[in-house]
Amino acid sequence: MAKLKQAGIRFHLETYQWLEAEAEKTRTPISALVREAVALLKTERALIEKMRSQIVAQGVTYPSLKKPVAAISK
């Protein structure tokens, strides 16, 4: 059996209204919509990281791929 952990999430009113409308339209509970969104976000993040690794492995460098360096104040 899957282990579940409950969490309280606060949404901006506009976002919550959209979730309510989407839940009503799809007959899906808001909690299920949020779980689906998290699953999609995890997949997207993994894909982006994989693509970034492939680009870096090919030796291609773009400023946006570099990690930020702290500014040195003198």
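Start by selecting α1: its 14 residues should span 20 Å at 1.5 Å a residue, and the end C-alpha atoms are 20 Å apart, so the two values agree. If you show the end C-alpha atoms and draw a distance between them, you can follow that check on your own screen. Keep in mind throughout that this is a predicted model.

**Stop 1: the whole chain**

Zoom out for a moment. The protein chain has two helices and zero strands. Colour the chain by burial, and 7% of its 74 residues come out as buried. Now switch on the surface: about 7,600 Å² is exposed, and carbon and sulfur atoms supply 59% of that area.

**Stop 2: the two sides of α1**

Go back to α1, which covers residues 13–26. Which residues of α1 are buried? Select Leu19, Glu22 and Ala23 to see them. Turn the view until you look down the axis of α1: the buried residues fall within an arc of 100°, so they line one face of the helix. What do the buried residues of α1 pack against? Their partner is α2.

Now rotate to the face of α1 turned away from its buried side. Here you can select the exposed residues Leu13, Glu14, Trp18, Glu24 and Lys25.

**Stop 3: Glu22 and its partners**

Select Glu22, which sits in helix α1. Is Glu22 buried or exposed? Its relative accessibility is 19%, and buried means under 20%, so Glu22 counts as buried.

Next, show the side chain of Lys25 as well. Lys25 and Glu22 meet through their side chains in a salt bridge, with 3.4 Å from N to O. The count for this model comes to one salt bridge, so this is a good place to pause, because Lys25 and Glu22 are three residues apart in helix α1 and are thus separated by about one helical turn. Unlike the buried Glu22, Lys25 is exposed, with a relative accessible area of 61%.

Which residues does Glu22 touch when its neighbours within four places in sequence are left aside? Add Arg27 and Leu33 to your selection: Glu22 is in contact with both.

**Stop 4: the loop at Arg27**

Keep Arg27 selected and follow the backbone. Arg27 comes just after α1, in the loop between α1 and α2. Its phi is near 55°, a positive value in a residue other than glycine. That deserves a second look, because most residues other than glycine have a negative phi. Arg27 is also exposed, with a relative accessible area of 78%.

**Stop 5: along α2**

Now select residues 30–57, which make up helix α2. You can repeat the opening check here: at 1.5 Å a residue, its 28 residues should span 40 Å, and the end C-alpha atoms are 40 Å apart, so expectation and model agree. Then move on to Gly59, which follows α2 and has a positive phi, near 85°.

**Stop 6: a patch on the surface**

For the last stop, select Ile9, Phe11 and Tyr16 with the surface shown. These residues form a nonpolar patch on the surface, and together they have about 270 Å² of accessible area. Where does Ile9 lie? Look in the segment before α1. With 51% relative accessibility, Ile9 counts as exposed, because exposed means over 50%.

How values were computed
Residues numbered from 1 in each chain as written. Predicted model: local features only at pLDDT ≥ 70, side-chain atom pairs only at ≥ 80, totals over all residues. Heavy atoms only, no water. Helix = DSSP H or I, 4+ residues; strand = E, 2+ residues; numbered from the N terminus. Expected span 1.5 Å × (residues − 1). Patch = residues over 30% accessible without salt bridge, like charges linked within 9 Å, V, L, I, M, F, W, Y side chains within 5 Å. Areas by Shrake-Rupley, 256 points an atom, 1.4 Å probe, with all protein chains shown as cover. Salt bridge = Lys/Arg side-chain N within 4 Å of Asp/Glu carboxyl O. Buried < 20%, exposed > 50% of the residue type's maximum accessible area, 1.4 Å probe, protein only. Contact = heavy atoms within 4.5 Å. Arc of directions from axis to C-beta.
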